[in-house]
Amino acid sequence: METRQNQMIKQFLPALAAAAILTTVVTGVAAEDAPPNRTLGFVVKDWMPAVYESKFIDECPAGLNISNDEIWWRGLTKEERSEKTLDGLITTLDRWFVAKNRGPNGEDVCINPEVIDDDPPLLTVEGATSFGVNLDGNVDGSATLKSCKHENFTSPAGVPGIDNQLYRLIGCIYGFRDQGVIEINANEMRRTSGLAMILIEITDVDDARNDEDVTVTFYRSVDQFPLDSSGQVLPFSSYRIDYKDDGPRYGDSIKGSIVDGVLQAGSGDVRLPYYGNYNYLHPVIRDMQIRLEITEDGTNAQGSVAGYYDLEQYLYHTGGLGPVITTGNFSCPAFFEAAKRMADGYPDPETGECTHISSAFEVNAFAAFIVHPDQTSEMETAER
Amino acid sequence: MLISKVKRYLGQATCVAFVTIALTACGESEPQTGGAPPDMRRLTVEQYRNVVHDVFGEHIEIASRFEPLIRTDGLFAVGASNALITPSGFEKFYNVARSVAGQVVDEDNRAVLVPCAPVDMARADDACSRQFFAEVGRYLYRRPLSESEMETAVSAANEVADQFDDFYAGIEFGLTGLLVTPSFLFIIDETEADSSSSSGLRLTGYAKAARLSFLLWNSAPDDMLLKAAAAGDLHTDKGVERQVERMIQSHLLARGVRAFFEDFLDLEKFETLEKDTIIYPAYTINAANSAKEQLLRTIVDHTVNQDAPYPEIFTTRSTFIDAQLGRIYRVPVTRPDGGWEAYEFPEDDVRAGILTQMGFLSLFSHPGRSSATLRGKAVRELLLCQKVPDPPGDVDFSLFNDPDAPSRTARERLTAHSTVPSCAGCHKLTDPIGLGFEQFDGIGQFRVAEQGAMIDVSGNLDGNEFGDAKSLAQAMHDSPSVPACLTNQLYSYAAGRAPERDEREFVRYLESEFAESGYSLKVLLRDIATSDAFYAVTQPKNKTEDVRAASLNSKTKQERGS
């Protein structure tokens with residue numbers, strides 16, 4: 001039986017330029033000697049929408065959207081501004097809950113976005129380049145059985161037919177772009193609250209670097225990230241999965257493969273937990289695909305997830321953003337209208353309106369032991 | 001104390017058939033020793049804490065550090081015999097005493113911890129004070145208070161109670177006084193005349209009880225032991241054996257064994273252990289605490305709960321881990337939110353035994369890198385009782401630390417460093433051992449290479465070649481020096497001093513008995529605790545060294561006729 005030490009040597013050797021002398025050790029270990037049915041585990045640290053940004057914001061020729069507060073402010077007389085801000089003492093961030101109650105009868109326009117129809121239209125992405133994948137199988141954006149007509153992107157690498165209408169929707173909103181508060185805030189909340197910790201478990205692994213048939217399962221963890229003294233996630237920690245009754249609360253699986261340390265899996269429908277900006281969701285991402293590059297030492301995995309995101313769930317989140325609605329910079333009514341218009345996945349059989357929106361996310365995950373209630377001793381990580 | 005040996009041997013199948021032939025067929029008798037002059041040992045922090053918690057409850061907080069003891073002959077227990085209390089050290093004891101006394105009499109505790117209620121809370125109550133100090137003083141002084149000690153405590157308490165119109169203020173004051181007296185802070189070898197002893201002296205029953213209790217439980221004697229002392233039982237072999245057996249069966253033995261190994265392995269170093277968290281992000285204060293706890297849990301479970309052979313602590317795959325250690329060892333834990341769980345390293349794992357645990361590996365490393373030298377030195381000095389000379393004052397580390405040097409592994413750097421003649425001698429003692437642990441970094445995480453170069457972990461332990469840390473652990477397991485060192489240090493720990501010249505034969509006898517028992521630590525403890533040597537005292541070397549005269553309570557002892 002191969003020792004753990006030899007397993008580690010096998011993994012380390014490719015990184016050693018001067019390891020020729022030990023080649024016999026590597027080649028001498030037959031593939032069939034590797035322990036079968038190994039399990040690799042990862043915990044997701046970062047999950048952010050994949051937003052392609054050009055150097056001069058060319059994808060948004062009319063610029064970025066203005067904030068809800070600004071739209072509200074523009075609609076007030078000088079006397080009203082004084083009255084609603086205690087003569088200017090209440091500043092932008094602190095008046096968010098006043099600013100969003102600007103419906104005809106004082107309604108919250110983020111929770112009731114249809115009460116207003118005269119906000120400036122949302123500025124959306126007009127560029128041709130986006131991250132993501134071809135979800136519907138065509139490159140011209142025409143409607144299919146599971147998609148509505150839309151405009152496709154080309155990937156930065158030149159792949160045509162990229163479906164990412166979520167990017168088109170949010171790409172010109174400051175809060176969703178790089179360093180924007182909406183996603184930064186949501187991601188940080190996941191870290192500190194532990195409410196939507198996503199675990200990725202890769203099973204049936206015979207070779208951690210190359211295996212043509214693996215299963216990828218997604219769980220929610222009930223344990224939070226242990227952090228080091230600088231606040232970074234510590235790899236190789238253990239996480240228990242969220243169980244409900246006799247089974248995991250989440251646990252959808254997709255099939256895939258690992259080629260030279262790159263996991264590619266999907267597509268399949270996967271329900272995931274989401275928490276951010278005080279909203280807890282559990283959307284199904286339909287036709288989900290995942291691509292993760294696993295480091296040689298198995299410590300880290302980075303890549304992307306793409307699929308059709310449940311629009312209703314997504315709008316539930318954006319409608320309840322709270323204070324970041326002000327600093328995130330967009331109009332809820334305009335956003336709602338644009339989202340409905342841009343939805344491109346899974347048309348409703350009765351109305352023909354699409355219920356999902358094509359999307360892509362960047363994912364950063366760390367090695368983890370995923371603890372099942374009944375099989376803790378069988379857990380392994382990428383290193384083993 | 002031959003009877004206990006006979007009983008034990010009777011239980012061994014190999015000897016049963018021969019027991020009628022001769023006792024010597026099963027074991028030799030205890031060599032006679034003269035003992036050492038009476039001494040006094042300062043309580044360690046842990047002993048202080050244990051005594052207070054045993055007497056008043058674990059909810060009493062002791063939030064202070066005392067003056068450190070000086071590690072002598074490899075043990076703080078020996079250093080405790082040479083401890084002084086400086087004025088600032090006394091202040092610390094005084095502050096803790098006030099805090100403890102305050103907690104004992106506070107409104108939440110007084111009903112339970114003070115065994116009587118005063119007639120009037122705003123006045124002194126002589127009878128109730130007397131009852132309190134009689135009960136508490138017996139445990140704190142490990143003997144009944146003398147009449148004058150009682151009068152001192154009670155009159156002080158009464159005076160303060162009347163002055164402050166508060167009975168409990170008086171109790172607090174009197175208790176504070178007890179907690180700062182030498183009779184509490186020092187374990188004193190009080191003696192009495194004994195015509196049957198070659199020295200004409202013997203330890204009092206209470207002094208014997210204290211020796212026993214601090215050895216086996218690391219705390220003051222309990223009620224039963226004090227009663228046995230009062231009845232004179234501890235001057236008989238049977239009486240001692242009965243108490244020793246009871247104490248060894250107690251769950252408190254684990255506390256005593258922990259205390260010994262904490263001292264033996266110099267685990268106090270954890271108090272000041274620092275690591276560069278940029279290099280070792282997984283190192284946190286919680287991880288360090290877990291590492292120390294794992295060492296002690298492993299050892300106590302192995303030697304006490306399992307009563308397994310001592311040398312197997314170097315090879316056992318059984319241990320305990322928590323979430324902190326799971327990350328270091330890269331194994332899953334079932335309770336990531338806290339708690340300990342039993343764990344057995346797989347047979348093919350690189351780890352086995354305490355020397356491959358984070359505790360040893362991180363304790364004997366530098367803040368930013370591993371250290372074959374420190375690890376080898378620790379093995380030599382702590383576990384094999386071999387002294388490694390200190391480095392010369394003008395040692396030149398330039399070759400070792402040269403960032404431009406072609407050497408990438410510790411072995412290469414140490415080889416270059418050891419070309420300096422003044423360094424080579426000692427490094428030959430330490431490095432061949434320590435290099436066997438080089439596949440573990442400065443906090444004990446496994447690695448196969450350093451700066452891109454594969455790590456060679458072969459080495460040599462006193463002529464025994466080994467190929468990796470596990471075979472080094474096996475070499476430790478097989479080394480006769482390992483149990484011999486433990487025996488010597490355990491006896492030193494028990495006696496509070498290194499063995500006297502005439503006790504060497506006795507220590508060899510203990511080694512022999514230890515081997516005969518299959519290296520059972522419990523048997524070794526029993527042999528020490530029931531031996532005559534453990535209690536033997538000689539006359540003080542001169543009048544000025546007479547601890548009875550040194551004790552502030554010498555007058556009161558005379559009153560008791562001790």
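Leaving aside neighbours within four places in sequence, Phe336(A) is in contact with Pro113(A), Glu114(A) and Leu315(A), where contact means that the C-beta atoms of two residues, placed from the backbone, lie within 7 Å. This residue belongs to helix α10 (residues 332-342) of chain A. Phe336(A) counts as buried because 21 other C-beta atoms lie within 10 Å; the term buried requires 20 or more other C-beta atoms within 10 Å of the residue's own, exposed applies at 12 or fewer, and partly exposed covers the range in between, with C-beta atoms placed from the backbone. Gly322(A) is 14 residues away from Phe336(A) along the chain, and their C-alpha atoms are separated by 16 Å.

The structure is a predicted model, in which local features need pLDDT of at least 70 and side-chain atom pairs count only at pLDDT 80 or more, while totals for chains, interfaces and linings use all residues. Residues are numbered from 1 along each chain as its sequence is written, and chains are lettered from A and ligands numbered from 1 in the order in which they are written. The model scores ipTM 0.76 and pTM 0.83.

**Chain A and the nonpolar core**

Chain A contains ten helices and 14 strands; helices (H or I, at least four residues) and strands (E, at least two) are DSSP runs, numbered from the N terminus. Of its 384 residues, 44% are buried. Where contacts in chain A link residues at least 6 apart in sequence, 68% of them join residues at least 24 apart.

The largest nonpolar core has 249 residues, and Val43(A) and Leu199(A) have the most contacts inside it. Such a core is a set of buried Ala, Val, Leu, Ile, Met, Phe, Trp, Tyr and Cys residues joined through C-beta atoms within 7 Å. Strand β14 (residues 354-371) of chain A supplies the largest share of this core, twelve residues. Not counting residues up to four places away in sequence, Val43(A) touches Met197(A), Leu199(A), Ser221(A), Phe225(A), Tyr239(A), Ala365(A), Phe366(A) and Ala368(A). In soluble globular proteins, nonpolar side chains tend to be buried together.

**Chain B: composition, confidence and domains**

Chain B has 27 helices and ten strands, and 49% of its 562 residues count as buried. Among its contacts between residues at least 6 apart in sequence, 68% join residues at least 24 apart.

The mean pLDDT of chain B is 88, with 87% of its residues at 70 or more; pLDDT is the predictor's confidence in each residue, from 0 to 100. Residues 2-26 of chain B stay under 50, and the model has 18 contacts beyond four places in sequence for this stretch. Over residues 549-562 of chain B the pLDDT is also below 50, with 24 contacts in the model beyond near neighbours in sequence. Where pLDDT is low, the predicted coordinates should not be read in detail.

The domain assignment of chain B gives domain 1 (2-37 + 193-259 + 539-560), domain 2 (43-187) and domain 3 (260-478), with bounds taken from an automatic or database domain assignment. The centres of domain 2 and domain 3 of chain B, taken over C-alpha atoms, are separated by 41 Å. Four residues of domain 2 of chain B are in contact with four residues of domain 3 of chain B. On the domain 2 side, the touching residues comprise three nonpolar, one polar and no charged residues; Ala, Val, Leu, Ile, Met, Phe, Trp, Tyr, Cys and Pro count as nonpolar, Asp, Glu, Lys and Arg as charged, and the others, Gly among them, as polar.

**Helices of chain B**

Phe90(B) is found in helix α5 (residues 87-105) of chain B. With 14 C-beta neighbours inside 10 Å, Phe90(B) is partly exposed. Val180(B) is 90 residues from Phe90(B) in sequence, yet the two are 7.8 Å apart in space, C-alpha to C-alpha.

Two further helices have end-to-end distances that agree with expectation, the expected span being 1.5 Å times one less than the number of residues.

| Helix | Residues | Expected span | C-alpha end distance |
|---|---|---|---|
| α23(B) | 481-495 (15 residues) | 21 Å | 21 Å |
| α24(B) | 504-516 (13 residues) | 18 Å | 18 Å |

Helix α23(B) is mostly covered, with twelve of its 15 residues buried; among them are Val482(B), Cys485(B), Leu486(B) and Tyr491(B). Just after α23(B), Gly496(B) takes a positive phi of about 75°.

In α24(B), the buried residues include Phe506(B), Val507(B), Tyr509(B), Leu510(B) and Phe514(B), together with Glu513(B) and Glu516(B). The cover over the buried residues of α24(B) includes α23 and α25 (521-529) of chain B. Gly518(B), just after α24(B), takes a positive phi of about 80°.
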